[in-house]
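Welcome! Open the structure in your viewer and work through these exercises at your own pace, trying each task before reading its solution.

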Amino acid sequence: MADTLTIDDSILNTDVISSHVPDGIYLLAIKGCKSDIVSWPDDARLKWTFGIKDGPVGHGTLTMITTFKKDAQFSAGRLLNAVDYDVAGKLHGKELTQAKFEAMAEGLTKSVSNKEIAALVGETASKKNGKFYSNIEEIYPASEFAEQAAAASSRPVRTAAAKDPEEPVEDLAASIGEIW
């Protein structure tokens with residue numbers, strides 16, 4: 001048995017951990033974003049951090065990654081449009097070097113920190129390890145929070161999931177029959 005404790009590399013992992021929260025509509029405040037470059041320029045991403053202000057759980061932190069892969073930048077656009085950021089005037093058509101992309105992340109953090117969005121959060125299985133995490137699936141302007149939350153509370157809830165994440169889940173309406 002060892003008499004010493006080794007401080008290993010895990011102590012350096014200070015990334016914000018995303019909360020695992022119940023599915024539902026949440027009011028989120030943007031804390032900021034940072035560049036997350038897997039491979040420049042083919043896989044440049046922004047990792048966003050949000051504080052939970054209201055929803056089924058009223059506290060915690062959620063994260064979301066928006067990609068800047070060619071023809072797949074819509075999540076970033078939806079998020080920024082939800083906080084009235086001028087995407088067309090400030091970002092569309094810009095040619096960025098890696099340094100400018102990183103500067104853009106810093107600029108976006110300054111511009112949109114503390115702005116609020118409403119979001120549908122749902123549980124998703126990781127493709128890498130099969131573990132479940134909370135995923136921001138849809139984004140709305142914060143002004144739609146009450147309306148979206150009320151609509152979500154009246155929707156039927158999926159009551160059974162497939163045992164194998166690769167196996168499709170039956171359509172809820174088909175499985176319970178026509179009720180109207």
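**Exercise 1. One helix, two sides**

Which residues are buried in H3? Then work out how they are arranged around the helix.

*Solution.*
Step 1. Keep in mind that you are looking at a predicted model. Find helix H3 at residues 98–112. Its 15 residues reach 21 Å from the first C-alpha to the last, close to the 21 Å expected at 1.5 Å a residue.

Step 2. Pick out the buried positions of H3: Phe101, Met104, Ala105, Leu108 and Val112. They share the same side of H3, because they cover an arc of only 105 degrees around the axis.

Step 3. Recall a general rule: an α-helix has 3.6 residues a turn, so residues three or four places apart point the same way.

Step 4. Turn to the other side of H3, where Ala99, Lys100, Glu106 and Lys110 are exposed.

Step 5. Look for the cover over the buried residues of H3: it includes strand E1 (24–39), strand E2 (43–54) and helix H1 (74–82).

Step 6. Go just past the end of H3, where Asn114 has a positive phi of about 75 degrees.

**Exercise 2. The whole protein**

In what order do the elements of the protein run from the N terminus on? Add a short summary of the protein as a whole.

*Solution.*
Step 1. Count the elements: the protein has five helices and five strands. Read from the N terminus on, they run β-β-β-α-α-α-β-β-α-α.

Step 2. Consider burial: 29% of the 180 residues count as buried.

Step 3. Consider contacts between residues at least 6 apart in sequence: 55% of them join residues at least 24 apart.

Step 4. Consider the surface: about 12,300 Å² is exposed, with 51% of it supplied by carbon and sulfur atoms.

**Exercise 3. The cores**

Which residues have the most contacts inside the largest nonpolar core? Find out which elements contribute to this core.

*Solution.*
Step 1. The largest nonpolar core has 31 residues, and Leu28, Leu46, Trp48, Phe50 and Ile117 have the most contacts inside it.

Step 2. At least two residues of this core come from each of E1, E2, strand E3 (61–67), H1, H3, strand E4 (116–125) and strand E5 (132–141).

Step 3. Apart from this core lies another one, of six residues, among them Leu27, Ala118, Leu120 and Tyr140.

Step 4. Take Leu46 as an example. Beyond four places away in sequence, the residues that Leu46 touches include Cys33, Met64 and Ile65. Also among them are Phe101, Met104, Ala105 and Leu108, four of the residues that are buried in H3.

**Exercise 4. A cluster of rings**

How many aromatic pairs does the structure hold? Describe each one by its geometry and its place in the chain.

*Solution.*
Step 1. There are two aromatic pairs. In general, a pair of aromatic rings is described by the distance of the centres and the angle of the planes.

Step 2. Begin with Trp40 and Phe101: this pair is tilted, because the ring centres are 5.6 Å apart and the planes stand at 55 degrees. Trp40 lies in the loop between E1 and E2 and Phe101 in helix H3, so the pair ties together parts 61 residues apart in sequence.

Step 3. Compare burial in this pair: Trp40 counts as partly exposed at 29% relative accessibility, whereas Phe101 is buried with a relative accessible area of 2%.

Step 4. Go on to Phe68 and Phe101: with centres 5.3 Å apart and planes at 80 degrees, the pair is edge-to-face. It links Phe68, in the loop between E3 and H1, to Phe101 in helix H3, 33 residues apart. Both Phe68 and Phe101 are buried.

Step 5. Put the pairs together: Trp40, Phe68 and Phe101 form a cluster linked by ring pairs.

**Exercise 5. A residue at the start of a helix**

Which residues does Phe145 touch, not counting those up to four places away in sequence?

*Solution.*
Step 1. Locate Phe145 in helix H4 (residues 145–153). Phe145 counts as buried, because its relative accessibility is 15%, under the 20% cut-off.

Step 2. List what Phe145 touches: Ile25, Tyr26, Leu27, Asp54, Gly55 and Ala118.

Step 3. Check the separation for Tyr26: Phe145 and Tyr26 are 119 residues apart in sequence, while their C-alpha atoms are 7.3 Å apart in space.

Technical notes
Residues are numbered from 1 along each chain as its sequence is written. This is a predicted model: local features need pLDDT of at least 70, side-chain atom pairs count only at pLDDT 80 or more; totals for chains, interfaces and linings use all residues. Side-chain values use heavy atoms; hydrogens and water are left out. The expected span of a helix is 1.5 Å times one less than its number of residues. Buried means under 20% relative accessible area, exposed over 50%, partly exposed in between (1.4 Å probe, protein chains only). The arc is that of the directions from the helix axis to the C-beta atoms. Contact means heavy atoms within 4.5 Å. Accessible areas come from the Shrake-Rupley method with a 1.4 Å probe; for residues, only the protein chains shown count as cover. A nonpolar core is a set of buried Ala, Val, Leu, Ile, Met, Phe, Trp, Tyr and Cys residues joined through side-chain atoms within 4.5 Å. Rings of Phe, Tyr and Trp (its six-membered ring) pair if their centres lie within 6.5 Å; planes under 30 degrees apart count as stacked, over 60 as edge-to-face and the rest as tilted.
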